[in-house]
Amino acid sequence: MTLISAPDGLVVPPGEGRTLVTAAQRVTFKVTGEHSRAASSFEVVVPPGFDVGAHRHTRSEELFYVLEGELDVLAFEPRVRTRDNWREWESASGQRCVRATAGTVIVVPPGCPHAFANVTGDPARMFFQASPPPDHERYFEELFEILESGPAVDHEAIAELRLRYDIEQLTPLRMTPPGAGGGAAAAR
C-alpha cells in the first residue's frame, strides 16, 4: 500500500516574511504563488502622504483589510473619471470615498476602479490579498527595483511595468510627505 502525503501547510509568524522597503511603502510577502494557487498575501505599511492612485485590473481580484491606522479608500466605477483626484469621484448610486479604519474590509472585483491613500500623519497597516498569484508579488519586486535604482523615478519604466501586470493607472500615484502640501509625485 502506497501512502500519498498531502503537502505541508504554511505558518508565517508575526514579523516574518520577505520585506521590500522604499520611501513609498513597506511590503512583507506572507504567502506567495509558491505556497498558494488561490492568492498572494502581503502585509503593507502605508506611510503618511502615500496615494496609490486610482487604478483597475482586468484579471485580478483584490482584498484589503485595514489592521491599524486610517486610509481613504474607494472601490466603485465613478460617473465621471477625473484624471487628477479620485477623492472627488462619485458613483451612479452616490457612493464616495470613505475613511477606512481598523477592521474595514475592501473587496475589489476585476475591472473595478479602486484606490487608497494615507492622508493622516501616522502610518497605516493593512493585509492585502491578490488573486491570482504570482502577478502582484512580481509587480512589487520589479517596482521596488525601479524605485531603488536612483534618485530620479523612471516614469516610463513604471508605466511599462503596469501594462505588463494588468494595472491601468487612472490617477497618479503620489508620495507627498506630511507638511509638504502640494503634489510632489513619486511616480505617475
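**View 1. The annotated domain, residues 21-143.** An unreviewed UniProt entry annotates residues 21-143 as "domain: Cupin type-1". The model shown here is predicted. Over residues 21-143, strand accounts for 42% of the chain and helix for 7%. The C-alpha atoms at the two ends of this stretch lie 11 Å apart.

**View 2. Val-66 in strand β6.** Strand β6 spans residues 61-68, and Val-66 sits within this strand. Val-66 has a relative accessible area of 1%, so this residue is buried.

**View 3. The contacts of Val-66.** Neighbours within four places in sequence are left aside here. Val-66 then touches Leu-71, Ala-100, Thr-101, Ala-102, Gly-103, Thr-104 and Ile-106. Arg-125 and Met-126 are also in contact with Val-66.

**View 4. Val-66 and Gly-9.** These two residues are 57 residues apart along the chain. Their C-alpha atoms are separated by 25 Å.

**View 5. Cys-97 and Cys-112, without a disulfide.** The search covered the whole structure and found zero disulfides. Cys-97 takes part in none; its nearest cysteine sulfur belongs to Cys-112, 13 Å away. Seen from Cys-112, the closest cysteine sulfur is that of Cys-97. A disulfide needs the two sulfur atoms within 2.5 Å. The 13 Å between these sulfurs is therefore too far for a bond.

**View 6. The setting of Cys-112.** Is Cys-112 buried or exposed? Buried means under 20% relative accessible area. Cys-112 has 13% relative accessibility, so this cysteine counts as buried.

Key: Residues are numbered from 1 along each chain as its sequence is written. This is a predicted model: local features need pLDDT of at least 70, side-chain atom pairs count only at pLDDT 80 or more; totals for chains, interfaces and linings use all residues. Side-chain values use heavy atoms; hydrogens and water are left out. Buried means under 20% relative accessible area, exposed over 50%, partly exposed in between (1.4 Å probe, protein chains only). UniProt positions are given in the numbering used here, feature names are shortened, and annotations may be inferred rather than shown by experiment. Helices (H or I, at least four residues) and strands (E, at least two) are DSSP runs, numbered from the N terminus. Contact means heavy atoms within 4.5 Å.
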